[in-house]
Protein chains: 2
Amino acid sequence: MSLVVQKFGGTSVGDAERLKRVAGRVAESHALGHQLVVVVSAMGGVTDSLVQLAKQMSPAPPSRELDMLLATGEQTTCALLAMALAELGVRATSLTGPQAGIVTDGVHTKARIVNITPTDIVRLLDAGEVVIVAGFQGQTADGTLTTLGRGGSDLTAVALSAVLKADVCQIFTDVDGIFTADPRRVPDAKQLAEIAYDELLELAGSGAKVMQLRSVELAKRFGVVFEVRSSITGLPGTTVGETTQMEEVLVRAVTLDVNQVKVTLVGLPDTPGTAARVFRALADRAISVDVIVQNDSHHGPTPTTDLSFTVEAADRDSALSALDGRGLGWTHITAEPIAKLTVVGVGMRSHAGVAATIFETLASLGVNIAMISTSEIRIAVVIAREKSEAALCAVHAALVA
Amino acid sequence: MSLVVQKFGGTSVGDAERLKRVAGRVAESHALGHQLVVVVSAMGGVTDSLVQLAKQMSPAPPSRELDMLLATGEQTTCALLAMALAELGVRATSLTGPQAGIVTDGVHTKARIVNITPTDIVRLLDAGEVVIVAGFQGQTADGTLTTLGRGGSDLTAVALSAVLKADVCQIFTDVDGIFTADPRRVPDAKQLAEIAYDELLELAGSGAKVMQLRSVELAKRFGVVFEVRSSITGLPGTTVGETTQMEEVLVRAVTLDVNQVKVTLVGLPDTPGTAARVFRALADRAISVDVIVQNDSHHGPTPTTDLSFTVEAADRDSALSALDGRGLGWTHITAEPIAKLTVVGVGMRSHAGVAATIFETLASLGVNIAMISTSEIRIAVVIAREKSEAALCAVHAALVA
């Protein structure tokens, strides 16, 4: 008998009919004799509606009360799922995050899990019940409701898998698994049977929105192997874990993010601390900077330099105003829309030549490279948006297909 | 500085705008320097929607999960009210029933309060916060969510008033208070400044749906004086407590319930235990019987009797089927729609003559009395529905106006 943790997200539990289908899927797993813990998100659209209601009360509602409000979304789903299972003859009990023993810090709307005491979960499992847990929520040590922020239900599932030492953790979602590239853009893209934590972390940071970084980091830290799979098809998905049998695999996946902007500060005084002031100003506004390139200094009476970096398009205006009027001394500032192509693979650690293949492929398409950034398992190139889709397909064909 | 408990029901918090008006009212009370505990119901229609969702999952959802689901309604309202108060600059904190320390038995969907440990409420009040408590809910000693059944938010308000020894308990509702008769039917009806618990209990059992019996009983048991008042007008309402200065007042109010049916079992064998079997059969289906009259026996070889009683019109079919095929031995059964006119007043305890006035008034209208039932502070007469509205006005004019 295995202990299986399953998580169903907002699309999978989008309405009453889908929730009943989820119940059917859970009942099948239960019929196989598994002990089951099922983590659910709020039904699709519910969280947004609640946020709208909150906005009607206050443009900036207190975060403690926002948590109190939002937590009702998952509580609703888990109660309804327990009812649907009862109707199928499966004994099931729903628990809120606090009832499941999830204790967090007090940072409302993005709390971190401090510890989990799953006494009631274990008792119910031992009694043969399916245990349904409201994802995304917990409580502080003194009993105040908290929520875990975006992707919080994945986090609940991974954390419960760790503490319960689950045999299997399945993250059901509206995609079939993780692909070598976005199949809507790259017809050759293939679903991956497995991927390493580090690769998925790089992908998550590169515009592939399969899972939030936090859940993958937590899974890596506690060695929780999990499977991302479709709630619709029921087919096997992609298993995420430590690298195994990966000697042969050089590149795991290629992603393209076209929602990037390249900001350039021209004629910045080339003095110590200038770059620090630039990125502190951005950090103060919680703007994430990805690729950074500093050109050679222009020598002269006052040495200057050109500093370029990429930010998400949504952060463009905020970045520009953060850097304006700070006395940073640049002569002018530009912001141009660009695309970022990222190649990820733990096999690259011990292999040279991947960068060369990328550059040759782009050159053959006449695509100019504006910036380059590399890590042990990632190569990212910043290019113009126009030919970026073609570049994605070509690089995928050269390295993965 | 007084400690004030205020309760706002479903209509008062029907939508975002009304909820903001409630916030304004609470802020006014807070500005007067009172310590405030505010109990709220689910927003109008929310509970019904949740029940509909539950029905989509299962025609008969498990009551534990129904409680888990329904409790989200009040939690939503109290979080939103806290936000609206914050927007008005009033420091407010919302608490679920369990967080407020409300412990109940485990009878889901109609749990009874076992005890309340208002540690967090007191701490927050002492810190100058307005405390908003989700009505209608609590948890068992082992942490399972429960709901208190119909009128549960009133119950929460009264119980909190008792345990906190509140100076004032205000039940805000969509009526101005309690009247000598339904003002939609009786133009002469006047609002009462005060009424005794026992009178309100009789009224609640006589078709005047101001409050559920349980809350009034609880208030009486713990001596909680409360005021029923309008959430719209802001005018003084009706104070409910022990009788005071009531020597002069003979009759407090007159009610009319036209949703009654008189059931008659004709030719019932007049043997010991027959009536018991009839009313046990009704009790088994949770049918409340009000007025009961047994006519004289028809003497003969087998003595028989005619037994009549009134039930709510909604229970008519259930009552008839409960009494059919039980071998009770009646020759035939009738069920006719009737009206019940009830006169209530603690002053009647020491005064004769009220019944005579009622009978004379009805006789002058040509209204026949089908059944009569009396208690120390109540006289109820069952009459035909046709002239019942006129009878109500006439009796009100004779005894109250």
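Start by selecting A:Val346, which sits in the loop of chain A that runs between β16 (332-344) and α10 (354-364). Keep in mind as you click around that this is a predicted model. Buried or exposed, what is A:Val346? It counts as buried, since 22 other C-beta atoms lie within 10 Å and the cut-off for buried is 20 or more. Now add A:Glu312 to the selection: A:Val346 and A:Glu312 are 34 residues apart along the chain, and their C-alpha atoms are separated by 26 Å.

**Zoom out to chain A**

Show chain A as a cartoon and you can pick out 11 helices and 18 strands. The radius of gyration of chain A is 24 Å, close to the 21 Å that the globule rule gives for 401 residues, so chain A is as compact as a globular protein of that length. If you draw a box along the principal axes, the C-alpha atoms of chain A fill roughly 80 × 50 × 35 Å. Colour by burial next: buried residues make up 48% of the 401 residues in chain A. A contact map is worth a look too. Take the contacts in chain A between residues at least 6 apart in sequence, and 74% of them join residues at least 24 apart.

**Two loop residues with positive phi**

Stay in chain A and select A:Phe136, in the loop between β6 (130-134) and β7 (137-139). Its phi is near 75 degrees, a positive value in a residue other than glycine. As background, most residues other than glycine have a negative phi. A:Phe136 has 29 C-beta neighbours inside 10 Å, so it counts as buried.

Hop along to A:Lys165, which you'll find in the loop between α5 (152-164) and β9 (168-173) of chain A. Here phi is near 50 degrees, again a positive value in a residue other than glycine. What about the surroundings of A:Lys165, buried or exposed? With 9 C-beta neighbours inside 10 Å, A:Lys165 counts as exposed.

**Bring in chain B**

Turn chain B on. Which operation puts chain A on top of chain B? A rotation of 180 degrees with 0.1 Å of shift along its axis does it, with an RMSD of 0.1 Å. The two copies are thus related as by a two-fold rotation axis. To find that axis from the chain A side, select A:Thr72: its C-alpha is the one in chain A nearest the axis, 2.6 Å from it.

Now select the residues where the chains meet. You should get 24 residues of chain A in contact with 24 residues of chain B. On the chain A side, α2 (46-57) and α3 (63-87) each supply at least two residues. The largest share there comes from α3(A), with 13 residues. Colour that side of chain A by residue type and you'll see 14 nonpolar, eight polar and two charged residues. 100% of the interface residues of chain A are also interface residues in chain B, so the copies meet through the same surface.

**Into α3 of chain B**

Cross over to chain B and pick B:Gly73, in helix α3 (residues 63-87). B:Gly73 counts as buried because it has 26 C-beta neighbours inside 10 Å. Which residues does B:Gly73 touch, not counting those up to four places away in sequence? They are B:Ala42, B:Val46, B:Thr47 and B:Leu50. Add B:Asp48 as well: B:Gly73 and B:Asp48 are 25 residues apart in sequence and 10.0 Å apart in space, C-alpha to C-alpha.

**A helix pair in chain B**

Next, select residues 197-204 and 213-222 of chain B, which are helices α6 and α7. Their axes come within 10 Å and cross at roughly 170 degrees. α6(B) and α7(B) are therefore roughly antiparallel to each other, as that label takes angles over 145 degrees. Show side chains for B:Tyr197, B:Leu200, B:Leu201 and B:Ala204 of α6(B), and for B:Leu213, B:Val216, B:Glu217, B:Ala219 and B:Lys220 of α7(B), which together make the contact. The residues of this contact divide into seven nonpolar, no polar and two charged.

**Last stop: B:Lys387**

Finish on B:Lys387, in the loop between β18 (378-383) and α11 (388-399) of chain B. B:Lys387 counts as partly exposed, with 16 C-beta neighbours inside 10 Å. Leaving aside neighbours within four places in sequence, B:Lys387 is in contact with B:Leu365 and B:Val367. For a last distance, go from B:Lys387 to B:Gly273: 114 residues apart in sequence and 37 Å apart in space, C-alpha to C-alpha.

Methods: Residues are numbered from 1 along each chain as its sequence is written. Chains are lettered from A and ligands numbered from 1 in the order in which they are written. This is a predicted model: local features need pLDDT of at least 70, side-chain atom pairs count only at pLDDT 80 or more; totals for chains, interfaces and linings use all residues. Axes are lines fitted to C-alpha atoms, for helices over the stretch in contact, and angles run from 0 to 180 degrees between N-to-C directions. Helices (H or I, at least four residues) and strands (E, at least two) are DSSP runs, numbered from the N terminus. Angles under 35 degrees count as roughly parallel, over 145 as roughly antiparallel, 65 to 115 as roughly perpendicular and the rest as oblique. Two residues are in contact if their C-beta atoms, placed from the backbone, lie within 7 Å. Ala, Val, Leu, Ile, Met, Phe, Trp, Tyr, Cys and Pro count as nonpolar, Asp, Glu, Lys and Arg as charged, and the others, Gly among them, as polar. Copies are superposed by least squares on the C-alpha atoms of residues with pLDDT of at least 70 in both. The radius of gyration is taken over C-alpha atoms; the globule rule is 2.2 Å times the number of residues to the power 0.38. A residue is buried if 20 or more other C-beta atoms lie within 10 Å of its own, exposed if 12 or fewer, and partly exposed in between; C-beta atoms are placed from the backbone.
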